[in-house]
Amino acid sequence: MKVLMVLTSHSQMGDTGHKTGFWLEEFTAPYYVFRDAGADITLASPKGGQPPVDPNSEADDALTDSTRRFSDDEQARQSLASTKKLGDVNIHEFDAVFYPGGHGPLWDLADDADSIKLLEEANKTGKVIGAVCHAPAIFKRPESPNGDYFVRGRTVTGFTNSEEEAAGLTSVVPFLVEDMLKENGGNYSRGDDWAPHIVVDGNLITGQNPASSEGAAKAVLQALQD
């Protein structure tokens with residue numbers, strides 16, 4: 001079982017001067033779900049090397065069992081520090097691809113040509129595709145073989161407009177994940193703000209928010225075993 005995890009390389013929160021990146025728990029929880037199940041994990045990002053961690057996700061109140069485990073895991077931290085360049089990755093070598101969130105993907109992965117190509121090929125060949133929280137931003141541009149948006153007619157979730165409003169970033173982000181998924185023809189599904197909500201639609205698995213990261217990864221595993 002080979003799983004590709006794709007992280008953002010973007011570190012700036014618009015022109016606010018604040019840092020962003022990927023949300024640590026949205027990486028660590030799925031990483032350990034996959035690793036503990038015996039998966040062979042490869043990490044990639046648009047620029048390769050160490051992807052930026054959103055500093056807010058390293059604050060004491062954001063830490064979880066999986067982030068603490070990661071901080072003591074030298075092997076995992078070395079893997080994260082040396083991600084492959086996304087353009088050098090062959091999706092045909094993997095069974096599934098999973099995108100952790102954080103605000104970074106809104107700026108780079110949403111429009112990244114290598115990510116778009118990888119997702120279109122993954123979908124065409126029936127790979128399992130997972131994305132959590134802000135990472136469903138990756139579905140902004142990819143198309144299905146028929147030329148429609150990738151998510152058209154599919155049930156999906158992602159960070160809600162009301163969660164973004166609560167975070168105080170509605171006017172900072174380049175687009176709202178919920179609005180984009182709806183505009184692209186997705187059947188947008190949501191649960192309560194900040195509560196776990198995972199949607200499975202065939203080979204496509206999405207999670208609404210940070211609380212959904214572990215459940216989304218478990219759903220990817222289940223899809224691989226079905």
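**Exercise 1. A ring pair in a helix**

By about how much of helix α1 are phenylalanine 27 and tyrosine 31 separated? Work it out, then describe how their rings sit.

*Solution.*
Step 1. Keep in mind that you're looking at a predicted model. Find helix α1, which covers residues 24-36.
Step 2. Phenylalanine 27 and tyrosine 31 are 4 residues apart in that helix, so about one helical turn separates them.
Step 3. Now for the rings. A pair of aromatic rings is described by the distance of the centres and the angle of the planes. For phenylalanine 27 and tyrosine 31, the centres are 5.3 Å apart and the planes make an angle of 40°. Planes under 30 degrees apart would count as stacked and over 60 as edge-to-face, so this pair is tilted.
Step 4. Check the surroundings. Buried means under 20% relative accessible area. Phenylalanine 27 has 0%, so it counts as buried, and tyrosine 31, at 4%, is buried as well.
Step 5. Look a bit wider: Phe27 and Tyr31 belong to one aromatic cluster together with Phe22, Tyr32 and Phe70.

**Exercise 2. The helix around that pair**

How many of the 13 residues of α1 are buried? Compare the length of the helix with the expected one too.

*Solution.*
Step 1. Go along α1 and pick out the buried residues; among them are Leu24, Glu25, Pro30 and Phe34.
Step 2. The full count is 11 of 13, so α1 is mostly covered.
Step 3. From its first C-alpha to its last, α1 reaches 18 Å, close to the 18 Å expected at 1.5 Å a residue.
Step 4. Move just past the end of α1 and you meet glycine 38, whose phi is positive, about 90°.

**Exercise 3. A second ring pair**

Which kind of pair do phenylalanine 139 and phenylalanine 150 form? Say where in the chain they come from.

*Solution.*
Step 1. A search of the whole structure turns up 7 aromatic pairs, and the one in Exercise 1, phenylalanine 27 with tyrosine 31, is tilted.
Step 2. Check burial for the new pair: phenylalanine 139 counts as buried, at 0% relative accessibility, and phenylalanine 150 counts as buried at 1%.
Step 3. The ring centres of phenylalanine 139 and phenylalanine 150 are 5.1 Å apart and the planes are at 5°, so the pair is stacked.
Step 4. Both residues of this pair are in the loop between β5 (128-132) and β6 (155-156), 11 residues apart.
Step 5. Phenylalanine 150 has another partner: the charged end of arginine 154 sits over its ring, 5.7 Å from the centre.

**Exercise 4. The sheet and its hairpin**

In what order do the 7 strands of the open sheet come? Then zoom in on β8 and β9.

*Solution.*
Step 1. Strands of a sheet pair through backbone hydrogen bonds, either parallel or antiparallel. Here the pairing is mixed, and the order is β3-β2-β1-β4-β5-β9-β8.
Step 2. The edges are β3 (84-85) and β8, each pairing on one side only.
Step 3. Strands β8 (residues 198-201) and β9 (residues 204-207) run antiparallel, joined by 4 bridges.
Step 4. Match up the partners: isoleucine 198 stands opposite glycine 207, and aspartate 201 is opposite leucine 204.
Step 5. The hairpin has 2 residues between the strands, and glycine 202 takes a positive phi near 60°.

**Exercise 5. Positive phi without glycine**

Is cysteine 133 buried or exposed? Do the check for tryptophan 194 too.

*Solution.*
Step 1. Cysteine 133 isn't a glycine, yet its phi is positive, about 65°. Cysteine 133 is found in the loop between β5 and β6.
Step 2. With a relative accessible area of 2%, cysteine 133 is buried.
Step 3. Tryptophan 194 also has a positive phi, near 70°, and is found in the loop between β7 (187-188) and β8.
Step 4. Tryptophan 194 has 43% relative accessibility, so it counts as partly exposed.

**Exercise 6. What covers helix α8**

Which elements cover the buried residues of α8?

*Solution.*
Step 1. Find α8 at residues 213-225; its 13 residues reach 19 Å from first C-alpha to last, close to the 18 Å expected.
Step 2. List its buried residues: Ser213, Ala216, Ala217, Ala219, Val220 and Leu221.
Step 3. Their cover includes α1, β4 (96-99), β5, β8 and β9.

Terms used:
Residues numbered from 1 in each chain as written. Predicted model: local features only at pLDDT ≥ 70, side-chain atom pairs only at ≥ 80, totals over all residues. Heavy atoms only, no water. Pairing = 2+ DSSP bridges. Phe/Tyr/Trp six-rings, centres within 6.5 Å; stacked < 30°, edge-to-face > 60°. Buried < 20%, exposed > 50% of the residue type's maximum accessible area, 1.4 Å probe, protein only. Lys NZ or Arg CZ within 6 Å of the ring centre and 35° of its normal. Expected span 1.5 Å × (residues − 1). Contact = heavy atoms within 4.5 Å.
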